[in-house]
Amino acid sequence: MAPAKPGPSGPAVPAAVAGPQIQLIPASAEGAIDAAEEAVDLLLDSGRAPGDVLVITTGAQHPWAEHELSFGETAYWAQHDAGDDVFYTDAAIASRAGSRPVVVVAVNGGTASADVLSLAHTRAGALLIVCGDPQQINAVLGTGA
């Protein structure tokens, strides 16, 4: 039996570029949601589709999520599943959210735990933006202070 010939492959991608790009936006816990909102506005202004963006909060819910959840979880998650707008969730239930090209994490309380950042990293296709205290985030990511 002749050995199988390998098929054509795409260009080689270095391991360092295999995951999403990570950007850190320094912000206090009190200012993290505002920083996340500014990041989302810049993404949308640069042509990113609203349905490409998932925002995760580590503390209190984003006001949009609080409002939408007031109509019930079924309607809230139906908006996520429709995928046509920016979707806001908190770290406690973010595992239910699907992947999006861009994930923005607002470290607005609670902790930027390794679990939350790991989950956000797995949900981000191209870009992960983390808004919060750089020392805390770098300590969690293991990139130094």
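In this predicted model, strand 2 and strand 4 pair in the parallel sense over five bridges. Within that pairing, L54 stands opposite V103 of strand 4.

**The sheet**

Strands 2 and 4 belong to an open sheet of five strands, ordered 1-5-4-2-3, with parallel pairing. Its edges are taken by strand 1 (21-26) and strand 3; each has a single partner strand, so one side of each is left without a neighbour in the sheet. On average, and with direction ignored, neighbouring strands are turned by 20° against each other. Helix 3 lies across strand 3 and strand 4, and runs at about 125° to strand 3.

**The nonpolar core**

The largest nonpolar core comprises 37 residues, of which V53, V103, V104, V105 and I129 touch the most other members. Two or more core residues come from each of helix 1 (32-45), strand 2 (53-57), helix 3 (73-82), strand 3 (87-90), strand 4 (100-106), helix 4 (114-123) and strand 5 (124-132). Helix 1 gives the largest share, seven residues.

The surroundings of V105 can be listed individually. With neighbours within four places in sequence left aside, V105 is in contact with I56, T58, L117, A120, L128, I129, V130 and C131.

**Salt bridges**

The structure holds two salt bridges, set out below with the separation of their N and O atoms.

| Basic residue | Acidic residue | N to O distance |
|---|---|---|
| R48 | D52 | 3.5 Å |
| R96 | E73 | 3.7 Å |

E73 lies in helix 3, whereas R96 lies in the loop between strand 3 and strand 4, so this pair ties together parts that are 23 residues apart in sequence. R96 counts as exposed, because its relative accessibility is 51% and the exposed class begins over 50%. Its partner E73 is partly exposed, with a relative accessible area of 48%. In the other salt bridge, R48 is also partly exposed, at a relative accessible area of 27%.

**The ends of helix 5**

Helix 5 spans residues 134-141, and at its start a side-chain oxygen of D133 reaches to within 3.2 Å of the backbone nitrogen of Q135. After the helix comes G142, whose phi is positive, near 75°.

How values were computed. Residues numbered from 1 in each chain as written. Predicted model: local features only at pLDDT ≥ 70, side-chain atom pairs only at ≥ 80, totals over all residues. Heavy atoms only, no water. Polar contact = N/O pair within 3.5 Å; in protein donor to acceptor, adjacent residues only side chain to side chain. Helix = DSSP H or I, 4+ residues; strand = E, 2+ residues; numbered from the N terminus. Core = buried A, V, L, I, M, F, W, Y, C linked by side-chain atoms within 4.5 Å. Buried < 20%, exposed > 50% of the residue type's maximum accessible area, 1.4 Å probe, protein only. Contact = heavy atoms within 4.5 Å. Pairing = 2+ DSSP bridges. Axes fitted to C-alpha atoms, helices over the stretch in contact; angles between N-to-C directions. Salt bridge = Lys/Arg side-chain N within 4 Å of Asp/Glu carboxyl O.
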